[in-house]
Amino acid sequence: MTKKALIVQGGWDGHEPEKVASIFQDILKDENFDVEVADSLDAYADVEKLKSLDLIVPHWTMGEIEQKYVNNISQAVISGVGLAGCHGGMCDSFRKNVDWQFMTGGNWVAHPGNDGVEYMVNFKHSSSTLFEDMDDFKVVSEQYYLHVDPAVEILATTRFPVVSGPHSTNGSVDMPVAWTKRWGLGRVFYNSLGHVANIVAMQEVSHMMRKGFLWAAEGKTLYQTNSTNKNEPVYTGMGDSQ
């Protein structure tokens, strides 16, 4: 059965959301997904439509979102729909909405040196085999410093500091670059790489996104196939952000 994905792009133009969404669309179509691309947050208005999807791919930076839309996405993911994205398009989407940050697993706070920093991405051995076929690689881009949910499973890291600053006196820190987490029955994947389209198009980065998309989308199918208990866990903490 063909899987269905929704990509929602927009927000700050500096992240080239339209171009990145096009790359994501090509990756998903190559994997035989039926893909819808939307340029309005109103795409999140119909909770039943969201629950009918296999994958939601947000790519929206520094925006504001109606709480009911976050609630709708949350309920869809809780029901088994995958959520996967990158860079500021997912973990700097809605700075005022802590419920979004709770669901996605982290939020951007800084990128010392801004764009053009050369740094390493190091894959981490863990219980996940998602990136077992990948080797560490170098990238020249923004190096994201994030506040991260301790519940995530970290798949790749980068070493800070590369650029000196007030954070440097803390010593060396291995900051997560890619992670997975669960939200109800749904799978969540995030990759901090992807400042602009040419970074997303890098072979290593696009491969990470492909693997993450497929992993996140597979969760709904596995649950529907294997579960004998169809009762969905419900998180009732979603409400007006304080």
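These are my notebook entries on one protein structure, a predicted model.

**Entry 1: the sheet**

I began with the strands. I found an open sheet of nine strands, and its pairing is mixed. The order reads 2-1-3-4-11-10-9-6-7. Which strands sit at the edges? They are strand 2 (34-38) and strand 7 (137-141), and each pairs on one side only. I also looked up the twist, which averages 20° from one strand to the next.

Next I took the end with strand 2. Strand 1 (residues 4-11) pairs with strand 2 in the parallel sense, over five bridges. Leu6 stands opposite Glu36 in strand 2. I then asked what helix 1 (residues 17-30) touches. Helix 1 packs on the sheet and touches strand 1, strand 2, strand 3 (55-61) and strand 4 (82-86). Its direction makes about 170° with that of strand 1.

Then I went to the end with strand 7. Strand 6 (residues 117-123) and strand 7 pair in the antiparallel sense, again with a count of five bridges. Here Val117 stands opposite Ser141 in strand 7.

I followed the side chains along strand 7. Phe137, Val139 and Ser141 point to one face and are buried. Lys138 and Val140 point to the other face and are not buried. Why the alternation? In a regular strand the side chains alternate between the two faces of the sheet.

**Entry 2: aromatic rings**

I counted the aromatic pairs and got nine. I looked at Phe94 and Trp100 among them. Their ring centres are 5.1 Å apart. Their planes stand at 80°, so I wrote the pair down as edge-to-face, since over 60 degrees counts as such. Are these residues buried or exposed? Phe94 is buried, at 3% relative accessible area. Trp100 is buried too, at 1%.

I then turned to Trp179 and Tyr190. This aromatic pair is tilted, with 4.7 Å centre to centre and 40° between the planes. Trp179 lies in strand 10 (residues 173-183), and Tyr190 lies in strand 11 (residues 186-191). The pair therefore ties together parts that are eleven residues apart in sequence. Trp179 is buried, with a relative accessible area of 0%. Tyr190 is buried, also with a value of 0%.

I noted one aromatic cluster as well. Phe123, Phe131, Phe137 and Phe189 form it. Phe137 had already come up in strand 7, where its side chain is buried.

**Entry 3: cysteines**

How many disulfides are there? The count comes to zero. I checked Cys86 to see why. Its sulfur is 9.9 Å from the closest cysteine sulfur, in Cys91, so the gap is too far for a bond. A disulfide needs the two sulfurs within 2.5 Å. Cys86 counts as buried, at 1% relative accessibility.

Cys91 is in no disulfide either. Cys91 is buried, with a relative accessible area of 0%. I placed Cys91 in helix 4 (residues 87-91). I listed what Cys91 touches, leaving out residues up to four places away in sequence. The list is Thr104, Gly106, Asn107, Trp108, Leu146, Trp179 and Tyr190. So Cys91 touches both members of the tilted pair, Trp179 and Tyr190.

I also looked up Cys91 and Met103. They are twelve residues apart in sequence, and their C-alpha atoms are 10.0 Å apart.

**Entry 4: salt bridges**

I counted ten salt bridges. Arg210 bridges to Asp30, with the closest N and O atoms 2.9 Å apart. Arg210 is in helix 7 (residues 203-226) and Asp30 is in helix 1, 180 residues apart. Arg210 is partly exposed at 24% relative accessibility, while Asp30 is exposed at 52%.

Arg210 also meets Glu31, at 2.8 Å from N to O. Glu31 lies in the loop between helix 1 and strand 2, so this pair ties together parts 179 residues apart in sequence. Glu31 is partly exposed, at 29%. Asp30, Glu31 and Arg210 are linked in a network of salt bridges.

My last look was at Asp149 and Lys181. Their side chains meet in a salt bridge of 2.8 Å, N to O. Asp149 lies in the loop between strand 8 (145-148) and strand 9 (153-160), and Lys181 lies in strand 10. The pair therefore ties together parts that are 32 residues apart in sequence. Are these two buried or exposed? Asp149 is buried at 17% relative accessible area, and Lys181 is buried at 6%.

Note on methods: Residues are numbered from 1 along each chain as its sequence is written. This is a predicted model: local features need pLDDT of at least 70, side-chain atom pairs count only at pLDDT 80 or more; totals for chains, interfaces and linings use all residues. Side-chain values use heavy atoms; hydrogens and water are left out. Rings of Phe, Tyr and Trp (its six-membered ring) pair if their centres lie within 6.5 Å; planes under 30 degrees apart count as stacked, over 60 as edge-to-face and the rest as tilted. Buried means under 20% relative accessible area, exposed over 50%, partly exposed in between (1.4 Å probe, protein chains only). Helices (H or I, at least four residues) and strands (E, at least two) are DSSP runs, numbered from the N terminus. Contact means heavy atoms within 4.5 Å. Two strands pair if DSSP finds at least two bridges between them. Axes are lines fitted to C-alpha atoms, for helices over the stretch in contact, and angles run from 0 to 180 degrees between N-to-C directions. A salt bridge is a side-chain nitrogen of Lys or Arg within 4 Å of a carboxyl oxygen of Asp or Glu.
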